[in-house]
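The following exercises concern salt bridges, a sheet and a nonpolar core. Please examine the sequence and the structure before reading each solution.

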Amino acid sequence: GASAIAEALKVNETLTELHLSDNGITEEGGRAIADSLKVNKSLRTLALDGNELSDNGASAIAEALKVNDTLTELYLDGNELSDNGASAIAEALKVNDTLTELYL
């Protein structure tokens, strides 16, 4: 599922929006998507709301946000994030200058 999509995102140069809301994506899928965000240069909107990412998945996405310079909208609301996951995202926002909409 999410891992296969993540692999495709690494080479895709045309997709600008990806909505994966309410798909049961767990930490493993979140990590795979995060890895793809480090190299993808076309995605502008990523909706991962209503999944099961957990703090570790959010931390992986936060690390990707530190180097991704194309994503402008990120939906993470409705996941299993605590203060730790939110803090990781907040740290990434200190260096990311392209994200304009974030939903936690």
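A salt bridge is a side-chain nitrogen of Lys or Arg within 4 Å of a carboxyl oxygen of Asp or Glu. The model examined here is predicted. By this rule, it holds 6 salt bridges.

**Exercise 1.** Determine where Glu27 and Arg31 lie relative to each other, and whether each is buried or exposed.

*Solution.* Step 1: the side chains of Glu27 and Arg31 form a salt bridge, with N and O 3.2 Å apart. Step 2: because the two residues are 4 apart in helix H2, about one helical turn separates Glu27 from Arg31. Step 3: Glu27 has a relative accessible area of 27% and is partly exposed; Arg31, at 38%, is also partly exposed.

**Exercise 2.** State which parts of the chain are linked by the salt bridge between Asp69 and Lys41.

*Solution.* Step 1: the closest N and O atoms of this pair are 3.3 Å apart. Step 2: Asp69 lies in the loop between H3 and strand S3 (73–75), and Lys41 in the loop between H2 and S2. Step 3: the residues are 28 apart, so the pair links distant parts of the chain.

**Exercise 3.** Describe the order and pairing of the sheet.

*Solution.* Step 1: the open sheet has 4 strands in the order S1-S2-S3-S4, with parallel pairing. Step 2: S1 (17–19) and S4 (101–103) are the edge strands, each pairing on one side only. Step 3: S1 and S2 (residues 45–47) share 3 bridges, and Leu18 stands opposite Leu46 in S2.

**Exercise 4.** Identify which helix gives the largest share of the largest nonpolar core.

*Solution.* Step 1: this core has 26 residues. Step 2: H3 contributes the largest share, 5 residues.

Methods. Residues numbered from 1 in each chain as written. Predicted model: local features only at pLDDT ≥ 70, side-chain atom pairs only at ≥ 80, totals over all residues. Heavy atoms only, no water. Core = buried A, V, L, I, M, F, W, Y, C linked by side-chain atoms within 4.5 Å. Buried < 20%, exposed > 50% of the residue type's maximum accessible area, 1.4 Å probe, protein only. Pairing = 2+ DSSP bridges.
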